[in-house]
Amino acid sequence: MNIVKSSRSSSVPKSVAALDSKNSAATTNINLYQEIPNIEVSLDDFEEFALDRLKVLKKLEQLKMRHVAPEKYKKYLDPLLQKLNDPTKDWISHFVLRLAYCRSEDLRRWFLAQEVALLKYRLSQSNPGSSSNSGGETAITKALKSVLPNVHVLAPEELEPLLPKILAATPSLNMNPLQVGNGRNANSNNNIYRVPFTQALDLVQHRQVFVKKGMAYIPESKLLSLVTARFRSNLSRQLALLSAVPTTPALQRTQGFLKNVATVHAIKDEYLEQGAGTDGVQLTANNVASHVKHMPLCMAQLQMALNKEKHLKHWGRLQYGLFLKGAGLSLEDAMVYFERMFVGKDFNKEYSYNFRHMYGKEGKRANYPPYNCAKIINGNGPNANEHHGCPYKHSTVQDVTAMLNKLGIAPSKQKGIIAQQQSHNYQLACVEHFKAMYPNPPTSVYANDFGNHPNAWFKSSVKASGGADAKMTDSQTIDGKKSNVASGDVDMNDPNSVSP
C-alpha cells in the first residue's frame, strides 16, 4: 500500500479502476483479506477509511456490551456499514487498522474479536441467492472455498451410505434420505462438505460433526463456525507476524495516526463539555467522595487512593480530574476540592495550573475530553505509588477483589467480574461490576455506552439508582449509614475495611 499526497477529488483511490475485478479479493462478496492491497492511497483517505471502519467495530463492541440480540444488529450497523460498501474502501480500511492494532497483545485481541464479529454479521446477512455467477453458491460457501480451496462437496452417491451417521452426529440437520438417494440434494441448502478434521477443531471439540478417517463431514448449517474459526486463526497469525515487521519509509508519515487511532473514541464523545450527560447529579466540592458508589472501579480506586494518600500523581490527576469535569464538577469546585484533599501541599503553587489547564483555561486552552475506556486500558500503566489505569488490566485479581469488597460488592457477585478479568475482557468485567450493583436496572440504562466510557458508567449508575443521593454531601449518609469510602476511612491495605 503506497501513501501519496492528499487529494480530495475522489473518496476512492483512482487506481481502483485499473484493478482486475475478476481476480481482486476486494471484489468478492465477503472479503477474508488474504491479499494485501497494492494500491496508491492518499493520506486523507488512509485516515478516513480507517476511522469509518473503526466506528463499525466500536458499535459492534457496544452492541455486545448492551446485550443486544444479534437479530437486532441490522438497524444499528447498516447505517455505518454503508460507508464501507465500496469493496476497495473496505479492503484498505481493514489493513490500515491491522497496522494500528498489531502493536500489543491487548490491541490484537480486541481487533481480532471485533473483526470476527463483523464477519459473522456479514455472513449471517448474506443472501444465499445473491450470487449470479456462482452456480447457486452462498456467500458462506464461497468464503469457505477461499480459505479451504480443497474442500469437497459430497455427491449424492457419496453421501447416501454416510447419511445415518452424519444425522446421528448432527441431530439438528434436516435431510430426507429418500431425496438424497434420488439425487435431489445437489442444489439444496443441506450440502455436506468434507474437510480435514484439523480445519474444524471447534466443531469436533463440541461433538457437532461426524468424523471418519481424519475427515470431518460438515453440513452447510455449520459452515459459519468453520469459516469464522479459520478467519480468526489466519488473522491472529498475521497480526502477530506484522507486529515484528519494522516500519517502512512509506508509512513514516502515518505513525502518529496509527499510534493514536487505537485510543480514539470513534462514536461522538458526549462528555466533551463539562457536565454533559449527568442528569440527576450536581457535583460540588462537598459531595464528590459521596458519589464513589456511582464510579467505575478505575475512578473509585483513584478516589480511595486520594482519601488515603492525600495526593495523586500526574496521570492519576489527569484521569480523575477529567472524569470529574465530564461528570459536572466546575473548575471552581475542582480547585476547592483538590486543594482540600492535597494535605501538606502548596496547591496554588504546584497544582492549580494543572487543573486550570484541564479545563481549558491555560496553555493552548484546548477543551480536553474525559478519558474513554480504550485510552485508559491502552495508555501508560501505573508505576509504584500510582493509581491510574484500568484495575482489571493493571491490578492483580487479589487487588481487584479487595477493591470490590470495599465497595460493598458481595463475594458471590464478584465471580463474573473476576472471570472476565482473567479472560482479559476488561470492559466486560466493568459491565459485570455494573450488573452486580444493579441486577435489574431500567431498560433505558442499556441505551448508555457504560461499557466504553467511565462517564457513561457514572451516568448509568445515577439513572439506575434513581438519583436519590444526587445532592448528598460527603458528611451525609449513604443508605442510612455513613460511608467509609466517602469519609476517607477506607484502608486500602485492610481487608476488613468494607464499605456498607
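**Entry 1: an arginine in helix H1**

Is Arg53 buried or exposed? I looked it up in this model, which is predicted. Arg53 is buried, and its relative accessible area is 0%. Buried means under 20%, so Arg53 qualifies.

Next I looked for a partner. The side chain of Arg53 meets that of Asp90 in a salt bridge, at 2.7 Å from N to O. I then placed the two residues. Arg53 sits in helix H1, residues 43-65, and Asp90 sits in helix H3, residues 87-101. The two are 37 residues apart in sequence, so their salt bridge ties together separate parts of the chain. I checked Asp90 as well. Its relative accessibility is 6%, so Asp90 counts as buried.

**Entry 2: a second partner for Asp90**

Which arginine also meets Asp90? I found Arg122, in a salt bridge of 3.1 Å, N to O. Arg122 belongs to helix H4, residues 105-125, while Asp90 belongs to helix H3. This pair is 32 residues apart and links distant parts of the chain. Both Arg122 and Asp90 are buried.

I then asked which residues join up in a network. Salt bridges link Arg53, Asp90, Glu115 and Arg122.

**Entry 3: the salt bridge count**

How many salt bridges does the structure hold? I noted 10. One of them pairs the side chains of Glu362 and Arg356, at 2.8 Å from N to O. I looked up the exposure of Arg356 too. Its relative accessibility is 30%, so Arg356 counts as partly exposed. Arg53, by contrast, is buried at 0%.

**Entry 4: cysteines**

How many disulfides are there? I noted zero in the structure. Cys373 is in no disulfide, and the nearest cysteine sulfur, that of Cys430, is 5.9 Å away. A disulfide needs two cysteine sulfur atoms within 2.5 Å, so Cys373 and Cys430 do not form one.

I checked burial for two cysteines. Cys373 has 10% relative accessibility and therefore counts as buried. Cys102 has 7%, so Cys102 counts as buried too.

**Entry 5: the largest cavity**

How many cavities of 30 Å³ or more are there in the whole structure? My search gave five. The largest cavity holds about 120 Å³ of space. Its lining has 13 residues, and those closest to the centre are Cys298, Cys373, Cys390, Tyr392 and Cys430. Cys373 and Cys430 are the residues from my cysteine entry.

Which helices supply at least two lining residues each? I listed helix H12 (297-309), helix H17 (373-378), helix H18 (391-394) and helix H21 (426-437). I also sorted the lining by class. There are 12 nonpolar residues, one polar residue and no charged residues.

**Entry 6: the largest pocket**

I turned from cavities to pockets. The largest pocket holds about 800 Å³ of space. Its lining is made of 29 residues. Nearest the centre are Lys64, Trp110, Ala113, Gln114 and Asn425. H1, H4, H17 and H21 each give two or more residues to this lining.

Which element gives the largest share? I found H4, with 11 residues. H4 also holds Arg122 from my second entry.

Last, I sorted the pocket lining by class. It has 16 nonpolar, six polar and seven charged residues. The lining of the largest cavity, for its part, has no charged residues.

Technical notes
Residues numbered from 1 in each chain as written. Predicted model: local features only at pLDDT ≥ 70, side-chain atom pairs only at ≥ 80, totals over all residues. Heavy atoms only, no water. Buried < 20%, exposed > 50% of the residue type's maximum accessible area, 1.4 Å probe, protein only. Salt bridge = Lys/Arg side-chain N within 4 Å of Asp/Glu carboxyl O. Helix = DSSP H or I, 4+ residues; strand = E, 2+ residues; numbered from the N terminus. 1 Å grid on protein atoms, 1.4 Å probe; cavity = no way out; pocket = protein on both sides within 12 Å on 5 of 7 lines; lining within 4 Å. Points joined across faces, edges and corners; volume = space filled by probe spheres on them. Nonpolar A, V, L, I, M, F, W, Y, C, P; charged D, E, K, R; others polar.
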